[in-house]
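Below are some notes on the model, set out as numbered points. Please read them with the structure open.

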Amino acid sequence: MNDDLDPQSDHSSDYLPQFQHQAQAQAQAQTQPRRPRGFAATAAAAAAVATTTPTTTSSTPSSAPAKGKREREKEKERTKLRERHRRAITSRMLAGLRQYGNFPLPARADMNDVLAALAREAGWVVETDGTTYRGSPPPPPPPPSQSQSQSQSQSQLSQLLTYPPTPTPTPTPIPIPISNPNCLKGTATLDSHQTQPPPSLDSLSSPTSLDSAVVIPDTDTETETKKNDRYTTTSPINSAECLDPDQLMQDFRSGDHGNDYTGTPYVPVYVTLATSTLNHFCQLVDPEGVRQELNHLQSLNVDGIVIECWWGIIEAWTPQKYIWSGYRHLFNIIREFKFKLQVVMAFHEHGGSESGDAVITLPQWVLEIGKENQDIFFTDREGKRNTECLSWGVDKERVLQGRTGIEVYFDLMRSFRTEFDDLFAEGMIYAVEIGLGASGELKYPSFSERMGWRYPGIGEFQCYDKYLQQSLRKAAKLRGHSFWARGPGNAGQYNSRPHETGFFCEKGDYDSYYGRFFLHWYGQSLIDHADNVLSLANLAFEETNIIVKVPAVYWWYKTPSHAAELTSGYYNPTNQDGYSPVFEVLKRHAVTLKLVCSGLQMSGQDNDEAFADPEGLSWQVLNSAWDRGLAIAGESALSYCHREGHTRIVEMAKPRNDPDRRHFSFFVYRRPSPPLIQGTMCFSELDNLIKSMHG
């Protein structure tokens, strides 16, 4: 049957496309604007030409804007480098003026404060509003007019008739302090018309003027003159009115009492025991000798003991077979004396000419793997292997009998936490230090004596094992410059000087595009290693204080490149802050930073030859860490008995003039060799150090 003839069939679908087309046409007709005519058409055509012309012009491809943008970015980067260099020079100038010139500059001094201090030192007068003159009174005011003089004479006559006349004071010499005796050749007073206008009665009654009006006898020393002149400056920032009583008392103690630290913050002191306390089989060698030594330390009021747990002793022969018997015996003896305990997870070798102790190598099974695969150790440019610790390139490589480097570290830390759970529960173990590199410090083994390094050599980069080279190639490829996947070929040898190399010399390759890329990758590898290990350390030692030891690479600090710091892994040249990114990671893991207080006991001649600045480095590290809220501790670097060095360490541990009264959380005294009980001189020096730290 035909559907067209079927009355029941629906034929609406046949007409639907036609109706839709008509509806769309009507909608377009309604929405389409009417074409302008007459004058409106002429104006519309002109507007269309005006709008299409710049569009066509701008759409034309041109490399001029892109080239200009690149030039602006380069100039912006050069400006930043110049600004960083200028700030570094300014900070060193301010430090030198404070340290060697006794200028009382504020903590955040600017060039106005420096200019004012220099002008006063040269005998100029600098007022609070910046007015400066060479000791002569300001020019007199212009003579009054005739009408003003008549009114003034009438007012004076009325005052004389009303009140009795006051006697006119006779001009007297005004004493002035001498901050530099060589400038005035010993004259302590000058007439008022030769130096400055007579002070008013209100100014003479202020604390500043009272101090400045004291006549300094000729018999006083230069130090007394500087001490009295310290608060005579007219700057509102440094005047005595703006100094709180605590700061005045601190300055009084530091000036009059020298090494008197009474009332200063209490800094706990920990002492390390000899490494030879345990033998290579994890057995306590001389228990009675340990008790005798702990008895002496207790008589000195030592707060706690530091024990190094050596990986090469604990897991010496078989992977994941840990021997703790000797450490358990030692910890029980320390518990008898009720000492606090700090434990060091030492994942590095020990021994050599510095300590005089027996060598403690890495575990034997690790050394056996190293014979087959030498790339698990740090390697220099000549291919020499350093077996002090494992290369950071194996942190995530399963080359240690199926385990990665960080897994090996975590397994030992977890075993220690489980074995001595009772000591953690009773609070005897105060903190755990995590070894993160050579000598237990967070650094590359770039200046190892076993490799031939001698102070003050710049050291060598340690990135030539195949695992770190793979990481370098990957970083260069991501940067888009695969030919940068190499170490610098002009960085010298272990004992080179910066000026002898093309990489570290002034304006050398360290500041080129390639040099900045390589040094950033080199330093980032150090940061990544710390981040990986500390993540697992916090997992193993929950609710326990974690400590990380940072080295003090102070030689060549006064050179632009800071060569020794660069080879050790800290990208800290003059125009770059290499400690901030490291401390950001440490802050994220809430660790305590322990700074090695080395170089403070060295002579000035040694520092000058190596352009060393241990105080400047310590100042940068401490302020950078304190600004980020990190807790800081200290540790003596070498086994020395020197009172002057101890005094400088105490001054650094709790600076007197710090407005925030910050200080070390604790201090670790490395036990000297021979033993402490045999060195009476070191015994007395340690006694003085502990008393100073305790305040």
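Which element gives the most to the lining of the largest cavity? Strand β6 does, with 4 residues; point 3 takes this up.

1. Basis of the notes. This is a predicted model, in which local features need pLDDT of at least 70 and side-chain atom pairs count only at pLDDT 80 or more, while totals for chains, interfaces and linings use all residues. Residues are numbered from 1 along each chain as its sequence is written, and side-chain values use heavy atoms, with hydrogens and water left out.

2. Overall content. The protein chain has 25 helices and 14 strands; these are DSSP runs numbered from the N terminus, with helices being H or I of at least four residues and strands E of at least two. Of its 695 residues, 43% are buried (buried is under 20% relative accessible area, exposed over 50%, partly exposed in between, with a 1.4 Å probe and protein chains only). Taking contacts in the protein chain with a separation of 6 or more, 73% join residues 24 or more positions apart (contact means heavy atoms within 4.5 Å). The chain exposes about 37,700 Å², and carbon and sulfur atoms supply 54% of that area (Shrake-Rupley method, 1.4 Å probe; for residues, only the protein chains shown count as cover).

3. Cavities. There are 3 cavities of 30 Å³ or more. A cavity here is a set of points, on a 1 Å grid over the protein atoms alone, where a 1.4 Å probe fits but cannot get out, and lining residues have an atom within 4 Å of a point. Grid points are joined across faces, edges and corners, and the volume is the space filled by probe spheres set on the points. The largest cavity holds about 110 Å³. Its lining comprises 13 residues, and those nearest the centre are Ala274, Thr275, Ile307, Glu308 and Trp310. Both β6 (304-310) and α14 (325-336) supply at least two residues of this lining.

4. Gln342. This residue is in strand β7 (residues 340-346) and is buried at 2% relative accessible area. Beyond its neighbours within four places in sequence, Gln342 is in contact with Tyr270, Ile305, Val306, Ile307, Tyr430, Ala431, Ile547, Phe666 and Val668. Of these contacts, Ile307 is also listed among the residues nearest the centre of the largest cavity.

5. Helix α12. Residues 287-299 form this helix of 13 residues, which reaches 19 Å from first to last C-alpha, close to the 18 Å expected at 1.5 Å a residue (the expected span is 1.5 Å times one less than the number of residues). Its buried residues are Gly289, Val290, Glu293, Leu294 and Leu297. They lie on the same side of α12, because they cover an arc of only 135° around the axis (the arc is that of the directions from the helix axis to the C-beta atoms). An α-helix has 3.6 residues a turn, so residues three or four places apart point the same way. Glu288 and Ser299, on the other side of α12, are exposed. Just after the helix, Asn301 takes a positive phi of about 65°.

6. Helix α23. This helix (residues 614-627) has 14 residues and spans 20 Å, close to the 20 Å expected. Because 10 of the 14 residues are buried, α23 is largely enclosed by the rest of the structure. Among the buried residues are Pro614, Gly616, Gln620 and Trp626. Gly629, just after α23, has a positive phi of about 80°.

7. Loop between β10 and α18. The loop between β10 (429-434) and α18 (466-479) holds Gly459, and Pro456 is placed there too. The peptide bond from Tyr455 to Pro456 is cis, with omega near 5°. Gly459 is buried, at 1% relative accessible area. Leaving aside neighbours within four places in sequence, Gly459 is in contact with Ser446, Trp453, Gln493, Tyr494 and Thr567. Ser496 is 37 residues from Gly459 in sequence and 7.5 Å from it in space, C-alpha to C-alpha.

8. Loop between β11 and α20. Trp556 is in the loop between β11 (545-550) and α20 (563-568), as is His562. Trp556 is not a glycine but has a positive phi of about 65°; His562, not a glycine either, has a positive phi of about 55°. Trp556 is buried, with a relative accessible area of 2%, and His562 is buried at 3%.

Conventions: 1 Å grid on protein atoms, 1.4 Å probe; cavity = no way out; pocket = protein on both sides within 12 Å on 5 of 7 lines; lining within 4 Å.
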